[in-house]
Amino acid sequence: MKLTVKVWRQGTPADDGRFETRTVNDLEPSLSVLEMLDKMNDDIVKEGGDPVTFESDCREGICGACGILVNRRPHGPTPLTPACHQRLSSFNDGETVTIEPFRSGAYPVVKDLMVERSALVDVMDAGGHVQVAAGTAPDADTDRITYDTAELALDFAACIGCGACVAACPNGSANLYLGAKLAHLSMLPIPASERGMRADVMLAEADERFGPCSLHGECALVCPANIPLVAISYVNKERMRCALRGKND
Amino acid sequence: MAQETVKKPPVRTLPREGRVTGADDILLERGRIGKAGGRIERVRPSNWSLKVTAAMTGVLLALFVTIHMVGNLKVYSGPESFNAYAHWLRVVGDPLLPEMGLLWIVRIVMGTALILHIWSTLLVRYRGFKLRGGGSKARLHGGSFISRLMLTTGLILMVFVVFHILDLTTGQANSDFQAPTATDSFAYENLINSFSNPLFASIYMVSMVALAFHLVHGLWVLATDLGVTALRTRTVWKAVAHLVALVVALVNLSIPAAVLMGVVS
Amino acid sequence: MKFGWKKKTPAASPTGQARHSAGTPANGVGKERLSRASRRKGAPKVRQGMLLDSREPGGPADEAWSRAKKDYRLVGTSNRRKFTIIVVGTGLAGAGSAATLADLGYNVISVTYHDAPRRAHSVAAQGGINAARAKKVDNDSVSRFVKDTVKGGDFRGREREAFRLAEVSAGVIDHLNAIGVPFAREYGGSLNTRSFGGVQVSRTYYTRGQTGQQLQVAAASDLARQVNAGRVKQYVRHEMVDLVVEDGRAQGVIVRNLLTGELKPLLGHAVVLATGGYGNIYYRSTLAKNSNASAAWRAHRRGAHMAMPSFIQFHPTALPISTEWQSKTILMSESLRNDGRIWVPKEPGDSRPANDIPEGERDYYLERKYPAFGNLTPRDVASRAAKDVIDAGHGVGPLKNSVYLDFRDAIARLGRDEIAARYGNLFHMYDDATGEDPYTVPMRIAPGAHFTMGGLWTDYQLMTSIPGLFAAGEAGFGYHGANRLGANSLLSACVDGWFTIPNTVPDYLAGHLGKPVISEDSPAVTEALESSYSRFDRLLGIEGQTPPRDYHRRLGEVLYKGCGVTRSAEGLIAAIAKIRQIRSEFYEDLLIAGPVDRVNQELEYAGRVEDYLQLAEMLCVDAYDRDESCGAHFRVEHQTSGGEAKRDDESWAKISAWESRGWSDEPVFTRHTEPLEYEAVPLEVRDYR
Ligand SMILES: Cc1cc2nc3c(=O)[nH]c(=O)nc-3n(C[C@H](O)[C@H](O)[C@H](O)COP(=O)(O)OP(=O)(O)OC[C@H]3O[C@@H](n4cnc5c(N)ncnc54)[C@H](O)[C@@H]3O)c2cc1C
Ligand code: HEM
Ligand code: HEM
Ligand code: SF4
Ligand code: F3S
Ligand code: FES
C-alpha cells in the first residue's frame, strides 16, 4: 500500500517548524507507523536528505520511548496502543496521514518528532521513590499484601512513562501519570510510609511543569498502559490526606 | 538518479563545542533541553488547592441551586404561598436575628463562594491553556464534550446571576418590579411579569440548559477533586450527578415555560 | 598494560587464595595454536594467551561469598565522598549499582543514552525473576538453585558465582518489594511464584507479564532518589564511545552528547559498565532497537577481554519477520507451547494458507522427532529443530522463515474461552504485533537472537582485565555459562547492581585513597578524546552511498546463517570472510545522512554498526575456536545421536577470554583461558529427557 505523509520537520527547539509532504510506497498493512517512518527515512537518506528524527526503542510497547501524534491523536488511531504497535491497517491505501511531535507546554521539540519529556522524570525524581537502603528491607513475605491489593497496585504501576496522557490533555496535565504513581505506591505497605511527603513534593514539582486537570478524560483514552481514569482521583486524595494529617506518612 | 541528488557537502566533522539554539547550556551539559528539575519553585496557590476550592464552592453553589429550585416549586401552589415563602425568607430567624439577617448571611456566604469559584476555576483553565502546548489537539470523546463547555456554561451562568438579581431581586431590569415591603413580598407578580416577556423567558431557559450542562460535569468532577476513589461510590455519584443536574435544570426550566404557555399566571 | 591487572597493584585485593597462580603463561604462549580445526583453509588464526585468575575465594564453594566479603577492604564513611564512580547504563544492574554506591556515600556519575533511566532494556523482560528463597516445601534450596544454574549453563559458568547468585537472591526480592514492586501475591498475602523451564521447583517471582518493567521502574526510582539527593549526577542522552585508561587503570569514559554531537570526558576513580547485551548484532532480535555492543566493545579495544562472545541464546518463540521493514522479532512467552502444536507443511515451498493444508500434509516435526517431550522440548532443541525444517524449505509465511504454532486443536478440545483465559493477553499481543488473529489462523514463530551469555570477562569481583573497570549485568559474562536459565538474568543484573558491585568496587577503591581524579588535560584523556573524534570524523568523511542499516541487515543475515542456532566450521569460516567483506565495504561506502551538530540517529547507528562489524568477527572466531558443543553453542560436528549438544570437558571445561589487536588491518586474536572446576555440582551430561 501507499500513504501520503505530512510530517513535521523542525531543526532545533528554537525553529518554527513546518510540515513536509512525502509519499511512501510499497508498504504493508502489518507494518507499524514507526516502521513506516523507518522506510520513509530510508528513502530520504538515499535521496541525500536529512532523515526524520523520532524516538523509539523496544518496539514492543513497554519502554515508553515512542510517542508521536498521528492525525493529531497521541500514538495513533487505535485507542490504548503505543505508536510502535499502531498498524498501517488503520489507514486506507493512498490516505494522507499527518505526523507531528507530542504537543504540550512541558515538551519542547528537540528535533522533528522528538520531544523532551524530562518533566516526567523530574516529577519522579522529586518523590516517586522509596527510602529504603539495599539490604535493609524486611522479608517480603512478612508483609501480607492481599491478592486484590497487589493486582490493583499493578494496574496503576503499569504506566510506561510515555507521556501520551499529557499530549492528549487539553490542559497539558500529567495527572494520570502522577496519579498512577501515587496510587501504586500508596497501596504497598513500605512505600506507603512516606506517602504524604511524596504527594506533597511530586505535586509541587508537577505544578511547575504541567497544567491542572479538569477531568476532560482524554488521557485515559490514549494511555497504552490502560491506566484507568480513577488514577486522577488519587492525586487529590493523597494530597488532601497529607494536608489534613500534616504528617509524612 | 539517486547519485545526482546526493550533494556532497564539505567534509563534516563532529562539533568540538556543541550548542543547541533554544536550549539552556547548563542542562544541555547533562543531555537535557528545557526547564531544570532542581529546586522546586512552588506554584502558589497550588493546582490541587485551586481544585479543592472550586469543588467546595461548587458544592455550596450546587446546594444553593437545589434548595432554590425546591423553593421555586412553590410557584405552582399559587401567589399567596409563593409570596409568603419569599416573605418568610426575609424574616426567617426572627427574633434571634434582625430582619433579613439570615438572608444576608446566606448572601455573603454565597457571594464569596461564587467569587472564589469563579476565581479558582478561571485560574485553573488559564494555567491549563498556558501549558497545553502548540498545535491543535484532536478531540477525543472522553466525556470531554461537556467538560470543554464548562467555561462557556460557567460564563453564561455568571451573566445569568447578575441579570437574574437585577430582574427579580433589585428590579432594575424589570420595568413593573414591585419591591417587597416590611410585611409583604411580590415575588410572584414580579416573576410572572418577567417571564411573560418571551425574551426574558428564553434567557432563563437557555441559562437553565447551561446550568444542566455545568452541573453534570461539575458534580462529577467534584468526586475526583475531593479524592473519591472507591469505584462503587464513584458510579453511584456519577448517576446522582446526572440526576440532580437534570432535575434542577428541568424543574427550573418548567417555570418560565409554564408562564409562557399560560399554565401559571 | 595489557595484563596490568595481574601485576599485584596496591589495589589488588588479598581476597582468598588464588586457585590458579596469576599470570601463568599457558603452554606455547603467543604462538598460533594449530589445532586440527584451524588447519583448514581460511580458518581464523588464534594465539594462545595466558591462564587467567578469577580471584575467587578459596575454601568451600557454598561459603565463598561470605568469605569474600569478610576479606574485602572498606572505605570509611567520611572518605567515600572523595571517590567518584562512573556507572554506564541505567538498567537493573546500572541503576542498582549507581543508587547503592551513592547511598553508601560515593559520588556517582550515571550515564545512559536514553532520555530517561527507566527506558533501559531491562524494562522489556516478561517472565519473571528467580530467587532461591526456598520458602515452600518443594525442597528448593540454595544448592539446588546452584545445581540448576550450573547444569543449565552446561558447565561453562563459575560455580562460586552461581552460589553468590543464589545466596543473595532472597535479599533482592525483599529489596525490590520494599521499593515498590507489586509482586504477584497469593490470596493469603504471601508472594506467589511460577515455575520456569529447566527446573523442577517453583522459584520464579513475577508481576503478570511485565516483571522486567516493574523491576526496572523500581530500579530507576531508586536511582531517582539519589539524583534528587544530589549524590548522583545523571547524564541522559549521552553515549559512551571510549574508555579512558591511564596508569593501567580505568579512570573515565568518553561520552558523546547525542543532542549536540560533541564529545567530552567523564572522569572518576572507577568505571562500571552495565550496558546490557549485544544480541542486536543479529540485526533482528528480541532486544530494543537501540541496545548495542559499543560500550563493551570499546572497553575491549582498550584491553578488556571478551569472554565467549559466541554464547548466544536463541528463543524459539519469537515472532518471525514477515516483511522487509519489520523492525524486530518480538518475544512471545514460551508458555504458548503448552497448548499450541508446532508444524510445517510436508511439502517444501507449500504456499497455501495454513487452514487450507489438510491434516495429512502437516508435519508436526517436534512431536515426530521427540515423542516424549513433543512441543515442550527445551529452548535450544526447539530452536534447532525449527531451523532444520526452515532450512529444508518447509518454512511458512511470506518469507518462508517461520513455523506454525497452531491452537486449532486446543481450541477444539478446551473451547475458545479457556484458551482466551490462559493466553488472552499473549494472543492480544500477537494480534497487536502482527495484525493476525491467532484464534483463527495459526501463529507463526521463529527462533530469534535473545540473550548474550558472553560478554566482558570479569573476575569474581566483577572486575574486568582492566583494573578499575567493572562489568555488571548482561554486559559481563558471569553466571550463565553456555545457556541461561529462564528468569536468571534479571536476578543476575539485580544481584550485581545492588549487592555485588557495592561490595567489590569499594574493595578496589580502598587501595586508591588520596588519589585525585585525573585531570581533563592528562595525556590519556586527550588521546582518548582525540581518537574518538577522529574515529567519528573518519566515518563522516567516507561520504558514500549506503546507510548503516544496510550493512547491519547484511551482517545479521550472515550471522544468523553462519553463527546462529547451529554452527559448523565451514559455515563460520565463510561467515568470517563475509563479515570482512561487509566491513571493507562499510569503510568505503558508508553514508551518514543529516546534520552533525544536533541529534543524528544515523551517526549513532553508524558507530554502533562499526562496532558490530568488528565484534561479529570475534563471535565467529570464538565459535570456531571452541571445538565442542555446549548449551546454546551447537557445533554440528559435535552432537549425540539424539541431536543433543556434546560437550568436550577434557579440552573445553574452561572460559575463553579474548584479546584482539590490529583492527586497522587484519585483526589478530589471542585466547586467554580460565579453567573451570566444579566441586558442588559434579560434571555430568545435560539431559532433560
Ligand atoms: C524480550 C526479553 C525478555 C526477557 N525476559 C526475561 C525474563 O523473563 N527473565 C529474566 O531473568 N531475563 C529476561 N531477559 C533478559 C534480561 O532482561 C536482561 O538480561 C537484563 O535486563 C539485562 O539488564 P542490564 O542491566 O544488564 O542491561 P540493560 O537493562 O539492557 O541496560 C543497559 C543500559 O546501558 C545503557 N547503555 C548501553 N550502552 C551504552 C553506551 N554506549 N553509552 C551509554 N549508555 C549505554 C542503556 O542506555 C541502558 O540504560 C529478557 C530479555 C529480553 C530481550
Ligand atoms: C451558581 C452557579 C454555579 C454552580 C452551581 C457551579 C458549579 C460548579 C461545580 C460543582 C464545579 C466543579 C468544581 C470542581 O471540582 O472542579 C464547577 C466547575 C466549574 N465552574 Fe462552576 N458553578 C457555577 C457557576 C459558575 C460560574 C458563574 C462560572 C463562571 C466562570 C463557573 C465556571 C466553572 C468552571 C470553568 C468550572 C471547571 C473547573 C475545572 O476546570 O475543573 N461556574 N462549577
Ligand atoms: C427559572 C428558575 C428560577 C426562578 C423562577 C427563580 C426565582 C427567583 C426569585 C423569585 C427570586 C427573588 C426572591 C426574592 O427576592 O424574594 C430569586 C432570587 C435569586 N435567585 Fe433565582 N430563580 C431561578 C433560578 C435561579 C438560578 C439558576 C440561580 C443561580 C444560578 C438563581 C439565583 C438567585 C439568586 C442569587 C437570588 C437572589 C437571592 C437574594 O439575595 O435575595 N436563581 N430567584
Ligand atoms: S499514564 Fe499512560 S499515557 Fe500517561 S505516561 Fe503512563 S502509560 Fe503513558
Ligand atoms: S485529559 Fe487532562 S484534564 Fe485531566 S482527565 Fe486527563 S488530565
Ligand atoms: S518503542 Fe517502546 S513503547 Fe513503543
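**Two iron sites and one compact chain**

Author: In this predicted model, the iron atom of ligand 3 is coordinated by B:His68 (NE2) and B:His164 (NE2), at 1.9 to 2.1 Å.

Reader: How do I read the geometry? What arrangement do the six donor atoms around the iron atom of ligand 3 make?

Author: Look at the angles. Six donors count as octahedral if opposite donors are over 155 degrees apart and all others between 65 and 115. Around the iron atom of ligand 3 the six donor atoms subtend angles of 86 to 179°, so the arrangement is octahedral.

Reader: Which parts of chain B do B:His68 and B:His164 tie together?

Author: Find the helix of each residue. B:His68 lies in helix 3 (residues 47–72) of chain B, and B:His164 lies in helix 7 (residues 150–169). The pair therefore ties together parts that are 96 residues apart in sequence.

Reader: Is B:His68 buried or exposed?

Author: Neither label fits. Buried means under 20% relative accessible area, and exposed means over 50%. B:His68 has 28% relative accessibility, so it counts as partly exposed.

Reader: Now ligand 2. Which protein donors does its iron atom have?

Author: They are B:His117 (NE2) and B:His214 (NE2), lying 2.0 Å from the iron atom. B:His117 lies in helix 5 (residues 101–131) of chain B and B:His214 in helix 9 (residues 198–225), so this pair ties together parts that are 97 residues apart in sequence. The site is octahedral, with angles of 85 to 179° among six donor atoms. Both B:His117 and B:His214 are buried.

Reader: Let us turn to chain C. How many helices and strands are there in chain C?

Author: Chain C has 17 helices and 20 strands. Its radius of gyration is 24 Å, close to the 26 Å that the globule rule gives for 689 residues, so chain C is as compact as a globular protein of that length. Of those 689 residues, 68% count as buried.

Reader: What share of the contacts in chain C comes from residues 24 or more positions apart?

Author: Take the contacts with a separation of 6 or more. Residues 24 or more positions apart account for 74% of them in chain C.

Reader: Where does UniProt place the feature "active site"?

Author: An unreviewed UniProt entry places it at C:Arg379. Such an annotation may be inferred rather than shown by experiment. C:Arg379 lies in helix 9 (residues 379–394) of chain C. Its relative accessible area is 14%, so C:Arg379 is buried.

Reader: Which residues is C:Arg379 in contact with, leaving aside its neighbours within four places in sequence?

Author: Among them are C:Phe196, C:His315, C:Glu334, C:His450 and C:Gly486.

Notes. Residues are numbered from 1 along each chain as its sequence is written. Chains are lettered from A and ligands numbered from 1 in the order in which they are written. This is a predicted model: local features need pLDDT of at least 70, side-chain atom pairs count only at pLDDT 80 or more; totals for chains, interfaces and linings use all residues. Side-chain values use heavy atoms; hydrogens and water are left out. Donors are N, O and S atoms within 2.8 Å of the metal (3.2 Å for Na, K and Ca); water is not among the atoms, so sites may look incomplete. Four donors count as tetrahedral if all angles lie between 85 and 135 degrees; four count as square planar and six as octahedral if opposite donors are over 155 degrees apart and all others between 65 and 115; anything else is irregular. Helices (H or I, at least four residues) and strands (E, at least two) are DSSP runs, numbered from the N terminus. Buried means under 20% relative accessible area, exposed over 50%, partly exposed in between (1.4 Å probe, protein chains only). The radius of gyration is taken over C-alpha atoms; the globule rule is 2.2 Å times the number of residues to the power 0.38. Contact means heavy atoms within 4.5 Å.
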